[in-house]
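Please work through the exercises below with the structure open beside you, and try each task before reading its solution.

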Amino acid sequence: MHLPDATYRLQFRNGMDFAKAVELIPHLVGLGISHLYASPVFTAVRGSTHGYDIVDYNEIDPALGGYDGFVRLAHALKAEGLGLILDIVPNHMAAHLENDCWHSAIEWGGLSEFADYFDVDWREPLTLPFLGRSFEEEVAAGNLRLAYDHGHRCLALRYYEALYPLNPASYAAIPRNGNAMLERLAAVAGTAERKTAAQFHAEIASVVATPSLAAELDQCLARFSADTLDRLHRRQSWRLMNWQTARDKLSYRRFFEVAGLIGMRVEDDAVFTDTHRLALALVGEALIDGLRIDHIDGLADPKGYLDRLRREAGDGTYIIVEKILGENETLPSDWPVDGTTGYEFISALADLLSDDTPSSWLSSEERRSAAEEAVTGCKLQVLSRNFNTEVRRLTGLATRFTGDGAPDQNERTGEAISQLMAALPVYRTYVGDRGAGARDSHILDAAAAKAAARASAVGAEIAAIVPALRLPIDSADGKLRSEFRTRFQQLSGAVMAKAVEDTFFYRRGDYLAANEVGASPLWTPGGVGRFHATMQDRASRMPHGLSATSTHDTKRGEDARARLHVIGEAPDVWAAAVDRWHGMSAENMGRLPAGEEPDASVEQFLYQSLLGAWPIAPLGDEGDLIFLHERMVDFAVKALREAKLRTSWDDPNERYEAAIKAFLGDLLDRRNRSFLGDFEKTAAPFIHAGLINSLSQTLVKLTAPGIPDIYQGSERVDLSLVDPDNRRGFSPRPSPSRLPQAPPIGDFEDCKQTLISIGLNYRRGRGADCLARGDYRAVRVEGPGARHAAAFMRRSRNGFALTVVPRLVFGQTVDGRLSIRPELWRNAFLALPEGCQFKPMCNLLTGGITEPRPLLAVADILRDFPVALLVEA
């Protein structure tokens, strides 16, 4: 296997296609990238901005350049020695009429050849929750009518531009009133069979053979009454309904709570074969070198899926999984993969860059306890609202093997399921029919004890459910228990993600740097010691996983997060500023509708978000301020809806949202000079220290265990907010050939990109052995300033690389420069590991030579540039 040296994550769509990606190749070569890491490229819903709403697994999206364009990109990459990793999406497809498989399932119901592709409960009508109001209200408003679908050659219910196909068996129920064309259509449908669907559609088209006949048919169909539409609707194998009812009545498994993305049954051999045909063909044709598996925890049997994928893709294919690891959790050792997409690396950097003194408010046990209670509340909230339909389905399964016939059995069992799931400390367990291993048994038993302590009234139900989750399946009702176990495990990850990442992290506003995908909500800073321990573990367990700092899913860009870490160093300074800004905004708040003004936590959240997005250079013309305002307003609405406190996606509070928009509008009005001036002045030292943090985390990513992953555009500066802000276009620029000494702040982007280029090209060349395969050794920093620096060494038989970075430098920077006050390093030394024989060392970033000695002065190493990479001269 040719493992990547460094990947470059490129988001296709939003103006990026294969031809434009080819133009990026010289830039990637200059950076030292080894593999382009592409977002999904299979055909998605027309106009998709992300590509995860796939409608055809076996076609490369023509909107991106199609198969031929993809081949040209792959060949152009290989011509420059670069590989290609492709993001694939086995868990879900778009529940959209452009998806022919989905269209067939709607038209033929459980008889469709694709019915078993989707995770649908075909014992009841397929729910289609895509109406703005109830079916009856939409009919009364004239928004629903019968129509002829010219593209699919069938009769359908039209809702605006959407055409939902009628089951052929229901054509006979359409009043014909002597209309010859309707008589012929009914006759054709009367002999139709699912196996001859293509013939059926051809015969329908032969009846409606000309534009004039089609127009005549449409006029006839449009005249049917509401009663006729209602009766016809009831004869379908599906039911159109208000989108807000999805959480109560949905008959299919979704991706999280997105009704427009339907779960796939890739555990079925035929489904796996069909949905992976093209992806595996691209592997076989050597057009791609690796696969990134989206949302592995959503699958019924992650290990079984990965075992089959590995067999068919071969040992030479690089495979990584999007898996979020909980606190102290490790990737299952029996998964045949090379690692994860790297969210846990972001969490490790939080340890490195955050103040970890025992007196720090971040280390407060009270803060951790409050977070634990809040997270449990968030889980129970999303279980009762967002995932109500999934809990009801689990309840129905569980009561069939635990029920005692009591009248309130369903209610108590549902509560037990919710409490148990809310108590899980990880995204999911991986229990198969052979029962739980030691790891999962411990997790389930601990969760059961915690849930029973919290909800003693349903303790008996919890005790009855746990054996179904952990014991081998060998009983008469084994199939029932197996389905319950599978669905419980598939749901728990979605609940954790929505409750923590998309609820709690939008409520907690005191330290946004810790509110990141993959972060533990109970995190307290572990400092340099825990960072070293994590990296040593990473070197032994997952040396080939990606090391991410920004992704398409992160809550904020890597440089914004690096800046926000600084708040932990100066909480009093920040708190005083927030109080001051609150006072400045009092008059503006008074103009907002009573009761709609932002509370203290929202105000804090918005100020920190604004700090993260604030440009490095002082605001220029009014256009810069307008652009910042637009981004902040869009972000604020999304954040408030995700928090689910005073507004939400399913029940928007437009009055409150308008008040928050007005609040931001007043803050960021160019005439509000007092606030803008004070904010910019206060932000300056946080921004300055944050830039040093950015360079530190960049060099660490390049040299620590794992494969560096660069998100598009972040090689310069990434102050983006959450998606879709982080999908904006970018313009690559050439890297300067060398790093300046004591560079000005304005050179940060060039410095960061050049640092990446130097580090990655060394990694692909002379440093390949020690950085890709070498061991990891912590290097002790001694002296009064020891807590302000961190160092580690990668070492192999063929060489070594010594990384030295500063940390916790708020108030210690040199005005206008990417430099640190030299007095911080007075009597600070690196203690090189004993027993190592060193030769003179060259700082790759400055060219300076350091003679080996037991103690190296940090001041000498970091004199000319704020981070250092020392290698054998």
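Two exercises follow, each with a worked solution, and they concern a predicted model.

**Exercise 1.** Determine how the radius of gyration of the protein chain relates to what the globule rule gives for 873 residues.

*Solution.* Begin with the secondary structure, in which the protein chain has 30 helices and 26 strands. The radius of gyration of this chain is 29 Å, close to the 29 Å that the globule rule gives for 873 residues, so the chain is as compact as a globular protein of that length. Next, consider the extent of the C-alpha trace, which spans about 100 × 65 × 60 Å along its principal axes. Then turn to the interior, where 59% of the 873 residues count as buried. Finally, take the contacts between residues at least 6 apart in sequence, of which 75% join residues at least 24 apart.

**Exercise 2.** Decide whether T554 is buried or exposed, and describe its surroundings.

*Solution.* First locate the residue: T554 lies in the loop between β17 (546-547) and α21 (558-564). Its relative accessible area is 2%, and since buried means under 20%, T554 is buried. Now follow the side chain of T554, which reaches the backbone oxygen of T551 at 2.9 Å. As a last step, set aside the neighbours within four places in sequence, and T554 is found in contact with Y343, I346, E516, V517, T549, R561, V722 and N726.

Terms used: Residues are numbered from 1 along each chain as its sequence is written. This is a predicted model: local features need pLDDT of at least 70, side-chain atom pairs count only at pLDDT 80 or more; totals for chains, interfaces and linings use all residues. Side-chain values use heavy atoms; hydrogens and water are left out. Helices (H or I, at least four residues) and strands (E, at least two) are DSSP runs, numbered from the N terminus. The radius of gyration is taken over C-alpha atoms; the globule rule is 2.2 Å times the number of residues to the power 0.38. Buried means under 20% relative accessible area, exposed over 50%, partly exposed in between (1.4 Å probe, protein chains only). Contact means heavy atoms within 4.5 Å. A polar contact is a pair of N or O atoms within 3.5 Å; within protein, one must be able to donate a hydrogen and the other to accept it, and residues adjacent in sequence count only if both atoms are side-chain atoms.
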